[in-house]
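Reader: I would like to take a close look at one part of this model and then see how the rest fits around that part. Could you begin with one residue and work outwards from there?

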Amino acid sequence: MEEIRTDVLVVGGGPAGLSAAAEAASAGADVLIAEGDLHLGGQLVKQSHKFFGSKDEFAGTRGFEIARLLRDEIAQCGDHVKIMLNTTVSGYYPDEKLVTAMVGEEEYVHISPKKIVLASGAQERLIPFPNNDLPGVYGAGAVQTLMNVYGVTPGKRVLMIGAGNIGLIVSYQLLQAGVEVAAILEAMPRIGGYWVHAAKVRRLGVPILLRHSISRAIGGDVVTGAMVCELDEKFAPVGEPQKVDCDTICLAVGLTPSNELLWQAGCKMKYVPFLCGHVPFRDKNMRTSNSDIWMAGDVCGIEEASAAMIEGRIAGMSAAASLGFKVSSENFEGCHARLHNLRAGEVGEKIRIGVSGVTVDGWEANV
Amino acid sequence: MKDDDIIICRCEEITQDEIRSWIDKGYRRFDELKRVLRVGMGPCQGRGCRDIILRELAKATGEPLDKIHPGTIRPPVKPIKLALCAYGKEAEPA
């Protein structure tokens, strides 16, 4: 069995992973990026909207352009960064500190890294309803991939479930692609996403039905419609369900961290609703309770790509520093300040509460 | 399958009714349900169903979600041919 050695293994080539790799490599570490997809950039490659937030985090730039900037930064690192695409890390074995990975379906490799930055991202949540297994029921992220990466529209008329940012943005992109959006349903009494995204779809005439949910999908072999019901304060259905004609049902009901490798590594975990799932305890430099493992991005709590990129930089620098590579404390402080600014204000409140509940002091002392 | 069946574990085709009936019989941990129903043992290894089943367990036991054990998560995270594990790249015995 081939065994690949590296200073730092970065699991996931999205915004968090690429930022971590760039920092660790520019400090002098040899970095290997393992990415399951056929290209680097993670979810950024399909984000055609402009980002908000701070200028330091590419506000005003479209997501896929941010992915290109990060890939350029990685290219600048030369031989310090090796990239394995189509490579899914499949296991971590703490006793041997060994990582296993599948390259495609026919190759299996062992990787023996000194340190690991896990940036494996998130997965889409599903909700149960009758006929949820019919062809035509999609995750919103999957629809975005189909359209913006592969140029395929999922259907002709979509019912969107969820008015968070993903539901709103994907609805807008469906409209841009010439697909009708029958309605956007939201179980909560308010829109979860940014007002500007909601305003865009409303201006185009798409109804956003608050306190509404799907009660079942309709169809024989494929989706031909859905029954939609109103909800009361306790989220119980009230009144008669209404039929909506559609050939696609798109679920944008949230993400949850892809944390399997953190469990396998024995990292101390906690369920944090504000971070959307089980997340690891961490020190301020993104190190987990396993002193060989750092993490960054959605895997440590669902947040935006801008925060993922800063966490990645912090994790990459910290992992490199633990191997004796020189990292400027100015850089560290700068990143901490940027992350602090990004989470300031009302929008970041839940994240701040969530993160503070799993942040600990002093794991640095365990080196 | 009944018309109103709700599939929770798509990989192993396990319905909400099946899960609820085993919870009623006293199976109160994800891992226990996994052993009797194979939920979370298919190609996606629980990525689709774990969340929903933990909510069912929380509802049935009255425990908050953070007290419900999510089950033991072991490698591999995606299916792999046994021959690849056994023989590596050249997946043929010598």
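**From one loop residue outwards**

Author: In the predicted model shown here, B:Arg38 sits in the loop that runs between α2 (30-37) and α3 of chain B. The backbone at B:Arg38 deserves a careful look, for this residue has a positive phi of about 70° although it is not a glycine. As for its surroundings, B:Arg38 counts as partly exposed, because 14 other C-beta atoms lie within 10 Å, a number that falls between the limit of 12 or fewer for an exposed residue and that of 20 or more for a buried one.

Another loop of chain B holds a further backbone detail, since the peptide bond that leads from B:Pro75 to B:Pro76 is cis, with omega near -5°. B:Pro76 belongs to the loop between α3 (50-61) and α4 (82-87) of chain B.

With these two loops in mind, the chain around them can be described as a whole. Chain B contains 4 helices and 2 strands, and someone who reads along its sequence meets them in the pattern β-β-α-α-α-α. Of its 94 residues, 28% count as buried. If one takes the contacts in chain B with a separation of 6 or more, 46% of them are between residues 24 or more positions apart.

Chain B also touches chain A: 26 residues of chain A are in contact with 26 residues of chain B. On the side of chain A that touches chain B, two or more residues each come from β4 (87-93), β5 (98-103), β6 (107-118), α6 (260-264) and β17 (269-272) of chain A, and the element that gives the most is β4(A), with 4 residues. Divided by class, the residues on this side of chain A are 10 nonpolar, 9 polar and 7 charged.

Two of the elements just named lead to a residue that can be set beside B:Arg38, for A:Lys97 lies in the loop between β4 and β5 of chain A. A:Lys97 has a positive phi of about 50°, although it is not a glycine. A:Lys97 is partly exposed, because there are 16 other C-beta atoms within 10 Å.

We can now step back to chain A as a whole, which is divided into domain 1 (3-123 + 255-366) and domain 2 (126-251). The centres of these two domains of chain A, taken over C-alpha atoms, are separated by 31 Å, and where the domains meet, 4 residues of domain 1 are in contact with 6 residues of domain 2. The side of domain 1 that touches domain 2 has 1 nonpolar, 2 polar and 1 charged residues.

A helix of chain A, α3 (residues 140-148), shows how burial can be followed around an axis. Its buried residues are A:Ala140, A:Val143, A:Gln144 and A:Met147. They are on the same side of α3(A) because they cover an arc of only 100° around the axis. The elements that cover these buried residues include β8 (137-139), α4 (165-176) and β15 (248-251) of chain A.

The last part to examine is an open sheet of chain A, in which 3 strands stand in the order β12-β13-β14 with antiparallel pairing. Its edge strands are β12 and β14 of chain A, each of which pairs on one side only, and from one strand to the next the twist averages 25°.

The two pairings within this sheet can be taken in turn. Strand β12 (residues 212-218) of chain A pairs with strand β13 (residues 225-231) of chain A in the antiparallel sense over 6 bridges, and here A:Ala217 stands opposite A:Ala226 in β13(A). The hairpin of β12(A) and β13(A) has 6 residues between the strands, and in this hairpin A:Gly219 takes a positive phi near 155°. On the other pairing, β13(A) is joined by 6 bridges to strand β14 (residues 237-245) of chain A, and the two run antiparallel, with A:Glu230 standing opposite A:Val238 in β14(A). These strands, β13(A) and β14(A), form a hairpin with 5 residues between them, and A:Phe235 in the turn has a positive phi of about 65°.

Key:
Residues numbered from 1 in each chain as written. Chains lettered and ligands numbered in written order. Predicted model: local features only at pLDDT ≥ 70, side-chain atom pairs only at ≥ 80, totals over all residues. Domains from an automatic or database assignment. Contact = placed C-beta atoms within 7 Å. Nonpolar A, V, L, I, M, F, W, Y, C, P; charged D, E, K, R; others polar. Arc of directions from axis to C-beta. Pairing = 2+ DSSP bridges. Axes fitted to C-alpha atoms, helices over the stretch in contact; angles between N-to-C directions.
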